[in-house]
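Reader: Got a minute for the aromatics in this one? Let's pull it up.

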Amino acid sequence: MGIKKKDIDSKLAEELQLEAEVIQFLQGTFTKEGSMVAFPLSFPGASKPIPPDESRITALAHHPDRFVYGGTSGAATHLFVGIFARSGGCILDLGVVEAATACVSIMCADDTLVAAVNGPAGGRFVSTGYQPMPRDLLQEWHLGRFPIEEIASVPSGGKITDAVLLPRAQCVIATTVSALLRLDLESGDLREITQLDEVGTLALTNAGSAIGIEPARGLWRYDPESDRLDRAICAIPNGSWSASTVWSVDSRDGSVLLFDDDGSLYRFTDNDTLDGPLAQVPIGPVTSAATTKDGRFYLFAGDGIAKQFIFDPVTNALTDNGVAVSVLQSRRYGYVFGAACTGPDGQIYFGETDYNGHLWIYFPSIRK
Amino acid sequence: MDKVVDDPRDSGRATQCKIHYSFAPSYGDGIMYMATHLSGPPLEDTAYSPWLSWHDDRKCFRGAALLAFDTATDKVLWWDTMFPREGCRCLVIDEDRGKLFSISYPRDHMFEYDLETRSARDLGRIGSVNAQALFIDRRHRVWTTRDDGRLVRYDPDIDRIEVSPTLLPFDPEHQNGWHNVLYDVTPAPDPNTLYAIPWIGHPRLMLIQPNEGDWGHIEDLGPVNQDHDLSVPISKDRDHAGGLVFAGDGMLYYVGARWSNPDSDRTPWTDPSMQGVIWQFDTQTREREEVGILQVPGEATHYVSRGAVDRNGDLFFGRVCPPPAGIFRVPLPDACKRRPVPRRPWG
């Protein structure tokens, strides 16, 4: 028995219609608003990328006048710089930090780049020089590295949990398993400020202080000018809180955004109050976040395959922006992001904390 | 399958709908290891996206089910969820060391599964374009490809995934190596040699000798299908080849697509005009000959995924689309059945 042409035609029409529906469904999965660009940790076409198992990006910071800097974790720790201004367009591997396997924080001090790293022997602070603007990465270039030098190491081999630069005081405040430390960059002196009940991540306030959380007490603040630690400056709401939240600074007013363990978003203000919850992220954990210049807040949350969410402070709406995908530079899905910072034009840099990690540059949509 | 692994088809989850390139035979004890893959949607849905539903406790695929199937008794000895939420793209067995290696989908991670402890270990992410084949060499290194067309291998001696400095062959006129990931790989009668076809438009047949030198020896044996309009990014579903298999005459056989519609035509790749051409490749002379065309009246026959030889020496080719999937049997004359055929411990 043969198959009639009209039966084939109608079968094909049905297939095409189904395909169109499936495409619409599948395309709703990935980055819906704004554009993501995944950039390999190299100068594409001119250098070899950082080895895949040394390329989990765990720290990012943008120098106010220069470039984005990052640090990786894995089989080895690398520091790198992303040069994307003008006729740039490369990531330069600044070198391996000897005997380190994790970069906890990267900080842009006035004269030097500082990184907090951990290795088998414990935590250390290292520094290296800033890269000058290169000549022209389309025509000719001369790029090189500065040495990476140790500033100080944590006594007794303690590991660093987090570190933040206090720019006015040009000092670094860091946490280890149980202590709060201060590193003076000019002298290189590292001393313990105090022991804390529970230590975790840190943020920089508008006033130039460092803040953190002790879940049993509330937020604490350290002022570098007076060398004073004030504990319980602000109570934290009932809920599930650990000391290691994801912090982000609102670039409009310097207020600090943070999450509890269930994904509720709060804002810490200059009045020492915690406003919120402003929104509830539906999946956890939140792993990276940053704001753009108009206050819109971009974050990744979720285990295994993270999703991007956008918080609009004008409407207090939180929207699901899908799974990260890049179709420019590298064609790639982004599943795990553990670092973020804001660029000078409001672009957000997300560090992919994954094997063969890329630096993802997110360009937010333009508000109408 | 849904009954055996206790994941009912009407559960509301994406279903245990298929086994992809994930049959791995253990020749010593006759156990066929097989692992499931995803794509079938929950019962009430038209399609399934593992990215979209990753955090949906109701719909998300439960995870690839690994089964140990005793081919002597036709019984499932045991099963496990090899890894949660992901399907198994391809599978290979290291029989000597009692390990299975797989590529997960969608996250494209390589996993090691220990048959003694029945536990899985994530070895790391490969990329985004999931390769469709793994193979293993004499040194127990497990090989596959990355998005940019480089071979990668897991070396158990150093417990690390390494990346080749070179790219697999591609057409430099319109390609740059991206998406040149392995589709099908078959061992040759020479135990040091494999033949492979990638999953890319205008695929090329290649010879790989993974045990040679630092990163093996690779030879480009040329394109397997017709030329096409290079201004069109041709669909891999149209410009397809697969089913690599050595028969008892020492020849390499595979099925390549042939089409007559213009390359820019929007006709679906399941159009009945798509032909599956059986090629016979002489590895000594490097010449090939068309020896047959697969035919099903009113249906495309080009999308052959895998080839095999049964104990009688006849060829079999699996056709994936259009549905229903099926198997072609290609009987060979007795003169083509004299030599032993290589064993293939991967899917």
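Reader: A:Y298 first: buried or exposed?

Author: Buried. This is a predicted model, and in it A:Y298 has a relative accessible area of 0%.

Reader: Which ring does A:Y298 pair with?

Author: A:Y362. The centres are 5.0 Å apart and the planes are at 55°, a tilted pair.

Reader: And where do the two sit in chain A?

Author: A:Y298 is in strand β23, residues 297-301, and A:Y362 is in strand β30, residues 359-363. They are 64 residues apart in sequence, so the pair ties those parts together. A:Y362 is buried too, with a relative accessible area of 0%.

Reader: Zooming out. How many aromatic pairs over all chains?

Author: The count is 27. Take A:Y69 and A:Y130: their ring centres lie 5.4 Å apart.

Reader: Why is that pair called edge-to-face?

Author: Because the planes of A:Y69 and A:Y130 are at 65°, and over 60 degrees counts as edge-to-face.

Reader: What does that pair tie together?

Author: Strand β3 (68-73), home of A:Y69, and the loop between β8 and β9, which holds A:Y130. Those parts of chain A are 61 residues apart in sequence. A:Y69 is buried at 0% relative accessible area, and A:Y130 is buried at 7%.

Reader: Which rings make up a cluster?

Author: A:F30, A:Y333, A:Y335, B:W51 and B:Y105, linked by ring pairs.

Reader: Switching to charges. Which ring does B:R288 lie over?

Author: B:W279, at 3.6 Å from the ring centre. B:R306 lies over the face of B:Y183, at 5.4 Å from the ring centre.

Definitions and conventions
Residues are numbered from 1 along each chain as its sequence is written. Chains are lettered from A and ligands numbered from 1 in the order in which they are written. This is a predicted model: local features need pLDDT of at least 70, side-chain atom pairs count only at pLDDT 80 or more; totals for chains, interfaces and linings use all residues. Side-chain values use heavy atoms; hydrogens and water are left out. Rings of Phe, Tyr and Trp (its six-membered ring) pair if their centres lie within 6.5 Å; planes under 30 degrees apart count as stacked, over 60 as edge-to-face and the rest as tilted. Helices (H or I, at least four residues) and strands (E, at least two) are DSSP runs, numbered from the N terminus. Buried means under 20% relative accessible area, exposed over 50%, partly exposed in between (1.4 Å probe, protein chains only). A charge sits over a ring if NZ of Lys or CZ of Arg is within 6 Å of the ring centre and within 35 degrees of the ring normal.
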